[in-house]
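Please read the following report alongside the sequence and the three-dimensional structure. It follows one helix outward to the sheet, to other helices and to the ligand.

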Amino acid sequence: MNIALIAHDKKKDDLVNFAIAYKHIFTKYNLFATGTTGQRIMDETGLSITRMMSGPLGGDQQIGSMIATGELDLILFFRDPLTAQPHEPDVSALLRLCDVYGIPLATNIATAELLVLAIEKGYFSWRDTADKYKTKGLNS
Ligand SMILES: O=C(CO)COP(=O)(O)O
């Protein structure tokens, strides 16, 4: 299962602490992240993460592209709802693609915790099986 981790600047500490708390779960999966978020988590947890560009420089769109091609199973996106983002259209596009493709998306720590605990319980393990048979894209 492939998981994307993203946090706006004022939420990065929360996501790093979250990754530390649930490292024993995250370590079992393939992790992806936007640039700065991924670097912070790698530095502070030792987890291995494939990093995209920084969000404002296209990282959100790269994550969105992975959703469109069936390469992501879960998104944990710690959004900052109180700060204007220069790349807000990219953020909206990413959230929209999660709904287009039915990808589980947490936009705050409380929902993220429920989803991670669900992973631990095995509620998403069907996705690992589905991944094995999945072909890329909706039309292929
Ligand atoms: O801006 C972001 C999400 O919209 C996150 O990007 P960084 O992880 O590069 O800060």
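On the side of helix α5 that is turned away from its buried face, the exposed residues are E88, P89, S92, R96, D99 and V100. As this is a predicted model, the descriptions here and below refer to computed positions. The buried residues of α5, by contrast, are D90, V91, L94, L97 and C98. Seen down the axis of the helix, these buried residues fall within an arc of 125°, so they line one face of α5. Among the elements that cover them are α4, β4 (74-78) and β5 (105-106).

The length of α5 can be checked against its residue count. Helix α5 runs over residues 88-101, and its 14 residues, at 1.5 Å a residue, should span 20 Å; the C-alpha atoms at its two ends are 20 Å apart, which agrees. Just after the helix, G102 takes a positive phi of about 65°.

Two of the elements that cover α5, β4 and β5, also belong to the sheet. This sheet is open and has five strands in the order β3-β2-β1-β4-β5, with parallel pairing. Strands β3 (49-51) and β5 stand at its edges and have a single partner strand each, so one side of each is left without a neighbour in the sheet. Strand β1 (residues 2-7) is mostly covered, since five of its six residues are buried. The pairings of β1 with strand β2 (residues 30-33) and with β4 are set out below.

| Strand pair | Sense | Bridges |
|---|---|---|
| β1 and β2 | parallel | four bridges |
| β1 and β4 | parallel | five bridges |

Individual positions show how the strands are aligned. Residue A4 stands opposite F32 in β2, while in β4 the bridge partner of A4 is I75. For I3, the bridge partner in β4 is L74.

Helix α1 (residues 12-21) also has buried residues, namely L15, F18 and A19. These residues cover an arc of only 100° around the axis, which puts them on the same side of α1. The elements against which the buried residues of α1 pack are β1, α2 (23-26), α3, β4 and α6 (109-121), so that strands β1 and β4, already described as paired in the sheet, appear again in the surroundings of this helix.

Helix α2, one of the elements packed against the buried residues of α1, contains I25. With 14 C-beta neighbours inside 10 Å, I25 counts as partly exposed. When its neighbours within four places in sequence are left aside, I25 is in contact with V116, I119 and E120. The C-alpha atoms of I25 and K12 are separated by 19 Å, the two residues being 13 residues apart along the chain.

Which residues lie around the ligand? They are I6, H8, T34, G35, T36, T37, S54, G55, P56, G59, D60 and V91. Two elements, α3 (35-45) and α4 (59-68), give two or more residues each to this shell, and α3 gives the most, with three residues. By class, the shell is made up of three nonpolar, eight polar and one charged residues. Residue V91, listed around the ligand, is also one of the buried residues of α5, and α4, which contributes to the shell, is among the elements that cover the buried residues of that helix.

Technical notes:
Residues are numbered from 1 along each chain as its sequence is written. This is a predicted model: local features need pLDDT of at least 70, side-chain atom pairs count only at pLDDT 80 or more; totals for chains, interfaces and linings use all residues. A residue is near a molecule or strand if its C-beta atom, placed from the backbone, lies within 6 Å of it. Ala, Val, Leu, Ile, Met, Phe, Trp, Tyr, Cys and Pro count as nonpolar, Asp, Glu, Lys and Arg as charged, and the others, Gly among them, as polar. The expected span of a helix is 1.5 Å times one less than its number of residues. A residue is buried if 20 or more other C-beta atoms lie within 10 Å of its own, exposed if 12 or fewer, and partly exposed in between; C-beta atoms are placed from the backbone. The arc is that of the directions from the helix axis to the C-beta atoms. Two residues are in contact if their C-beta atoms, placed from the backbone, lie within 7 Å. Two strands pair if DSSP finds at least two bridges between them.
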